[in-house]
Each structure stands twice: as C-alpha cells, then as structure tokens.
Amino acid sequence: MKIKRILKDIVETRNTKIGQLFDLLIQLLICVSITSFSLETLPSLSNESRNTLHYVEIICISIFTVEYLVRFWVADARWKFVRSFSGIVDVLAILPFYLSLGVDLRSIRIFRLFRLVRVLKLAKYSDALNRFHVAFKLAKEELTLFFSLTLALIYLASAGIYFFESKAQPEAFSSIFDSLWWAVITLTTVGYGDVYPITVGGRIFTFAILMVGLGVVSIPAGIIASALNKARQLQNLDASN
C-alpha cells in the first residue's frame, strides 16, 4: 500500500527531510512533556496553569499514541516491535495517562513516574545513544560477569567489616546487612564519612577495599569504551554498505 510505504518512510527513515522533521517534532514533544511533568510539581501553581498543562499533556499523548500505532502498523514484524526496547518504551511513555482516566493516580503516585520513561524515547532519535545501546549489547556478557563479581565483593566487604567493627561499633555494624551501606559507599569510593572504621584491623581492611574499589569504578569504563569503539566501527560499516 502506498500510504503504508509513505508512513514507513516517515517514522523509520532518517535520511529524508520529512523523516528528520518527524524525528525533530517527536523530540520536541518529549521535552515539552517532561517540562510539563516537572512544572506540575510546583506547589504554587495555579489551577489555570494546571489545566493548561493538562491540555498540553493530552496533545503530547495523542501524538505519541498515533506514533506508536503507526509504528506498529508499518512494522515488518509487528509483535517483534511490541516486545522490542523501542516498543516497550513507547507503551510505558503513554500508559500512565490512560491509567489516570479511570484511577486517581494520587493514590498510586508511582505510576506517574512512568512518564519519565519518555526520556528514553529520545534514545531512538540519537545516533550516539543508539551506539551506547549497541555497545551494551556487545559487552553484555562481560558487564554481567563484572556486576556479579561486584555484588559478591560487596557481600564479602560487608562480612569483613562486620568482623572487624561489630564489637567496637555495635550500632553502626550490628549485622552484615547493616554493614552493606558501608560496603557500597566504600567500594564505589564515594565515602560519605557517616560510617567509618575505628579499629586498626578495620582501617587496614578499609584500605584494601578502597584499592579494590578503584578497579570497580574503572573496569566497566574500559569495557564500555572498547564496546563503543566496536559499535562505531559497525555503524560505519553499515553506512558504507
């Protein structure tokens, strides 16, 4: 169908002027919608302003809904699109509005936070963010292994500091679970200073954990940087073909 082909070129193609204009319009609406969401939190906002923001929300949601339906209609594999990252983000971006039609979201405010998912819609219109998506897919196994080891290190750090500090500071380190906060802020080298060791053994152990923490911070950066470089090479290869 001619109409279907035209719409497919508009919503899925970026190398045409009308496709670029459509992308720009959606990005602008996402920014407007997020700004509207932020303005709604102002306590001094008048009822008139709230009504205006509500109408802005209706316009944005209407366009987002039409966009989703068009993308579903022109997709080569429709159910694959529904299950894709892009399709899920699109649904979550419009879902809170339709939920609010029959439910007072003041009683379940968590659903309103789903509106922030619209930020992720911007990823679909940025080549740089798309490269990040490809890079994470390429480095998925390495990152999964790294974060699994990080969780194990956090537990070992919690157990270790509990062993050294539980008697000296029974309130701060009363159990391994209470020691988790110290382990997280130490391994990530944040070090808020609200909980810290006072025994000699605890301080030596903390020094060792801080050294490990430097690696915890730097290793994923190297993995992602390498994956981003490979993602750019793949993107350039696709563009040349």
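Me: How do you know what helix α3 (residues 47-74) should span?

Reply: The expected span is 1.5 Å times one less than the number of residues. For the 28 residues of α3, that gives 40 Å. The end C-alpha atoms are 41 Å apart, which agrees. This is a predicted model: local features need pLDDT of at least 70, side-chain atom pairs count only at pLDDT 80 or more, and totals for chains, interfaces and linings use all residues. Numbering starts from 1 along each chain as its sequence is written, and side-chain values use heavy atoms, leaving out hydrogens and water.

Me: What makes a run a helix, and how many does the chain have?

Reply: Helices are DSSP runs of H or I, at least four residues; strands are runs of E, at least two. The chain has 10 helices and 0 strands.

Me: Why is L156 called buried or exposed?

Reply: Buried means under 20% relative accessible area, exposed over 50%, partly exposed in between (1.4 Å probe, protein chains only). L156 has 53%, so it is exposed. L156 lies in helix α8.

Me: Which residues of α3 are buried?

Reply: Among them are L53, E57, C60, I61, F64 and Y68. Of the chain's 241 residues, 31% count as buried.

Me: What makes the nonpolar surface patch?

Reply: Patch residues have over 30% relative accessible area and no salt bridge; nonpolar side chains (Val, Leu, Ile, Met, Phe, Trp, Tyr) are joined within 5 Å, like charges within 9 Å. A salt bridge puts a side-chain nitrogen of Lys or Arg within 4 Å of a carboxyl oxygen of Asp or Glu. L153, Y155, L156 and V212 form the patch, about 350 Å². Its largest share, 3 residues, comes from helix α8 (residues 140-165).

Notes:
Areas by Shrake-Rupley, 256 points an atom, 1.4 Å probe, with all protein chains shown as cover.
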